[in-house]
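Me: I would like to go through this model and ask, for each term used to describe it, what justifies the term. Please set the values against the definitions as you reply.

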Amino acid sequence: MDAVRVTALARSLTGTGWPETARAFGGALRHSVSRRGATGLLLVGTERYEPWHLAAHLDIEADRSGVGELAPTLLRHRVPDGSPAHLAHRVDLLTEVRRGATVLVVAPAATEAPLLERVHDARRGGATVLALDTGDRDLASLAHERLAVPDAAEEPFDLVQHLVSTAAGLRPRFAFLARLAASPVAHW
């Protein structure tokens, strides 16, 4: 989905609160991965849902926004033999995560107990946990920031992911004006 379609979608949702909610969650994601001491973004789905689409859009937003830290490492429950190195990261990596990491869990259905245990390990290790889900209470108890899309079918859940990835790539409001007000940088 290109920027024009995302803008049209956001306009069609005006008055529902979804654009503002997605913008706030996307801003929290951007802040988490770009804060001092941040060590990267780990993106994980459930056993039945790998968030490939969101991974691709976050990668695009990382390029577009200049915030390379938005480019996620996709963690997978099953890694097929012969997978390229960048697609061979297993969910078990969550047990090794430490302070500075951001873990984004995308769960369009109930989160399985083994994944919840690994996310708990990551949180206990100091990671910031964000969740995009449909109302999973167990996952909500682990998340520092959460965007719940209750009763969402697959299509609305995917649309919210578009809004979140676009929002994560946006500069904070008035950043341009703040840059204009800042002291000039001496180049010599």
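Me: Which residue of E3 does Leu41 stand opposite?

Reply: In this predicted model, Leu41 stands opposite Thr102 in E3.

Me: What makes E1 and E3 paired strands, and in which sense do they run, parallel or antiparallel?

Reply: Pairing requires at least two bridges between the strands, and 5 bridges join E1 to E3, residues 101-107, so the requirement is met; the two strands run parallel. Another pair of bridge partners in these strands is Leu43 and Leu104, the latter lying in E3.

Me: How do you know that E1 pairs with E2?

Reply: Here the count is 3 bridges, again in the parallel sense, between E1 and strand E2, residues 73-75, and because at least two are needed, the term applies. Within this pairing, Leu42 stands opposite Thr73.

Me: Why is E1 described as largely enclosed by the rest of the structure?

Reply: A residue is called buried when its relative accessible area is under 20%. Of the 5 residues of E1, which covers residues 40-44, 4 are buried, so the strand is largely enclosed by the rest of the structure.

Me: What is the order of the strands in the open sheet, and why do E2 and E5 stand at its edges?

Reply: The sheet has 5 strands in the order E2-E1-E3-E4-E5, with parallel pairing. E2 and E5, the latter spanning 145-148, each have a single partner strand, so one side of each is left without a neighbour in the sheet. Neighbouring strands are turned by 20 degrees against each other on average, with direction ignored.

Me: What packs on this sheet?

Reply: H2 does, touching E1, E3, E4 and E5, and the direction of H2 makes about 150 degrees with that of E5.

Me: Why is the unit made by E1, H3 and E2 called right-handed?

Reply: The term is used because, with the strands pointing away from the viewer, the path from the first strand over the helix to the second runs clockwise; E1, helix H3 (residues 52-65) and E2 make such a right-handed β-α-β unit.

Me: Which residues have the most contacts inside the largest nonpolar core?

Reply: That core has 26 residues, and those with the most contacts inside it include Leu29, Leu43, Leu104 and Val106. Elements giving two or more residues to this core include H2, E1 and E3. Apart from it lies another core of 20 residues, among them Leu75 and Ala122.

Key: Residues numbered from 1 in each chain as written. Predicted model: local features only at pLDDT ≥ 70, side-chain atom pairs only at ≥ 80, totals over all residues. Heavy atoms only, no water. Buried < 20%, exposed > 50% of the residue type's maximum accessible area, 1.4 Å probe, protein only. Helix = DSSP H or I, 4+ residues; strand = E, 2+ residues; numbered from the N terminus. Core = buried A, V, L, I, M, F, W, Y, C linked by side-chain atoms within 4.5 Å. Axes fitted to C-alpha atoms, helices over the stretch in contact; angles between N-to-C directions. Contact = heavy atoms within 4.5 Å.
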